[in-house]
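I have one structure to go through today. Please bring it up, and then I will start with a charged pair.

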Amino acid sequence: MKLSHRITNITGGGSDGWDVFYKARRMIAEGIPVTELTIGEHDIRTSPAILEAMNRSATSGHTGYAMVPGTLSLRKSVAARIAARTGVPTTAENILITPGGQAALFAAHMAVCDPGDTAVYIDPYYATYPGTIRGAGAVPKAIVTTPDTAFQPTSAALQEATKGVASLLVNTPNNPTGVVYGQETLAAIARACIANDLWLISDEVYDTQVWEGHHVSPRSLPGMEERTLVVGSMSKSHAMTGSRVGWICGPAEAISRIINLATHTTYGVAGFIQDAADFALKQGDAVEEEVAAPFRRRRALTMQALAGQNVVRAVPAQGAMYVMLDLRATGMSGDAFANALLDAEHIAVMPGESFGAAAAGHVRVAMTIADDQYLDALNRLIAFASELAAQ
Ligand SMILES: Cc1ncc(COP(=O)(O)O)c(C=O)c1O
């Protein structure tokens with residue numbers, strides 16, 4: 001039977017970029033120990049206090065259909081968090097609770113792109129971006145950045161690429177590069193959106209993981225509130241990846257329309273999960289800092305391990321749970337290096353090419369294992385790269 005073009009075209013026909021990851025998983029299944037530095041998931045689980053809140057909610061009966069836009073209490077908590085952090089007045093009407101940031105990314109593109117519209121994103125990119133755009137019926141178009149600008153888009157590229165398009169998707173702190181966009185980049189993004197009259201979709205799921213500078217939400221820039229949809233999530237900030245709870249924050253009119261989409265797709269998020277998320281947000285910043293602390297520590301370990309050699313260079317990692325390593329001195333592609341490292345050292349990292357053409361010759365290392373094992377793996381990666389570069 002014929003399937004729709006929309007569904008068969010989601011991955012664009014190419015590899016999904018996860019080949020090294022699958023190979024590592026096959027090796028593990030065969031009993032070969034592999035150090036996995038691939039996926040963006042904490043080495044801790046959701047805290048017992050949050051799980052107790054979830055359990056309390058479920059056992060007290062919050063297991064039926066929940067309100068589609070989200071519980072009023074959670075919407076208010078998310079709105080208060082955003083207002084406090086950005087200074088932009090935000091109420092429950094600006095918030096839709098979604099099953100994770102991924103569902104929010106999809107809903108946001110559905111909301112602002114008609115079939116055939118062009119939706120821009122920045123390369124390197126989080127692996128689902130082009131597929132999400134295609135799934136929403138739009139046509140993905142990348143702005144390819146370069147290592148010399150620390151993978152931040154230039155003002156000229158933004159202006160040029162956003163002419164006549166429906167939306168621009170940005171992500172800061174960034175996965176995969178760990179880069180936090182500076183004021184100049186954010187101002188250029190705002191200028192392009194206003195000049196070319198498009199929506200900004202701002203993926204801020206790593207907003208609690210900032211190691212240098214601070215996170216600025218582009219929604220807070222002059223003229224941006226009415227044209228920005230912010231994507232947020234409890235996955236990274238509270239180690240709640242499996243709970244699937246996130247949000248979209250945007251103008252009330254847009255949110256009320258996206259609620260119609262939620263009614264006809266997800267039909268909301270489980271009430272006990274929302275109550276757990278609400279409980280978690282009400283614990284304040286200290287909990288988020290605790291969840292982020294291991295990545296801050298390991299990022300410092302990374303910088304120490306890389307000092308005193310110049311084969312492996314880090315893209316300045318200012319945020320998120322990853323470090324992007326430049327391996328071009330080995331003369332290999334990121335893909336060839338990641339495969340060779342897995343075969344020789346049984347260490348799995350993601351080839352930069354999995355995140356787009358801009359990250360060729362790089363690998364992304366997820367800082368998601370215990371400090372001593374992480375440092376050991378990193379030292380072995382550096383030694384391996386140095387041997388290759390010397391050949
Ligand atoms: C940049 C970025 N956006 C969105 C997501 C989706 O996260 P979730 O759906 O778990 O909230 C991820 C997950 O890794 C991510 O890295």
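R85 and D285 meet through their side chains in a salt bridge, with 3.0 Å from N to O. This is a predicted model, so please keep that in mind throughout. The pair links distant parts of the chain: R85 sits in helix α4, residues 72-86, while D285 belongs to helix α11, and the two positions lie 200 residues apart. As background, side chains of opposite charge can pair when their charged atoms come close.

R85 has another partner. Its salt bridge with E288 puts the closest N and O atoms 2.8 Å apart. Over the whole structure, the number of salt bridges is 18.

Now the domains. The assignment splits the protein chain into domain 1, made of 5-45 plus 286-390, and domain 2, which is 64-283. Domain 1 is therefore written as two segments under that assignment. Taken over C-alpha atoms, the centres of domain 1 and domain 2 are 25 Å apart. How many residues does each domain give to the contact? Domain 1 gives 35 and domain 2 gives 37.

The area buried between domain 1 and domain 2 comes to about 3,100 Å², and carbon and sulfur atoms account for 56% of it. On the polar side of the account, 3 salt bridges run between domain 1 and domain 2. The two domains also have 22 residue pairs in polar contact, counting pairs with both residues at pLDDT 80 or more.

Which elements give two or more residues to the side of domain 1 that touches domain 2? They are α11 at 285-306, β10 at 322-326 and β12 at 362-366. The largest share comes from α11, with 7 residues. Sorted by class, that side of domain 1 has 18 nonpolar, 9 polar and 8 charged residues.

Last item, the ligand. There are 15 residues around the ligand, and those that come nearest are G101, D203, S233, S235 and R244. For S233, an N or O atom of the side chain is 2.6 Å from an oxygen atom of the ligand. For R244, the corresponding distance from a side-chain N or O atom to a ligand oxygen is 2.7 Å. K236 also places a side-chain N or O atom 2.8 Å from an oxygen atom of the ligand.

To go back to where I began: R85 in α4 pairs with D285 in α11, and R85 also forms a salt bridge with E288. That is what I have; questions are welcome.

Key. Residues are numbered from 1 along each chain as its sequence is written. This is a predicted model: local features need pLDDT of at least 70, side-chain atom pairs count only at pLDDT 80 or more; totals for chains, interfaces and linings use all residues. Side-chain values use heavy atoms; hydrogens and water are left out. Contact means heavy atoms within 4.5 Å. Buried area is the accessible area (1.4 Å probe) that two parts lose on being put together, summed over both. A salt bridge is a side-chain nitrogen of Lys or Arg within 4 Å of a carboxyl oxygen of Asp or Glu. A polar contact is a pair of N or O atoms within 3.5 Å; within protein, one must be able to donate a hydrogen and the other to accept it, and residues adjacent in sequence count only if both atoms are side-chain atoms. Helices (H or I, at least four residues) and strands (E, at least two) are DSSP runs, numbered from the N terminus. Ala, Val, Leu, Ile, Met, Phe, Trp, Tyr, Cys and Pro count as nonpolar, Asp, Glu, Lys and Arg as charged, and the others, Gly among them, as polar. A residue is near a molecule or strand if one of its heavy atoms lies within 4 Å of it.
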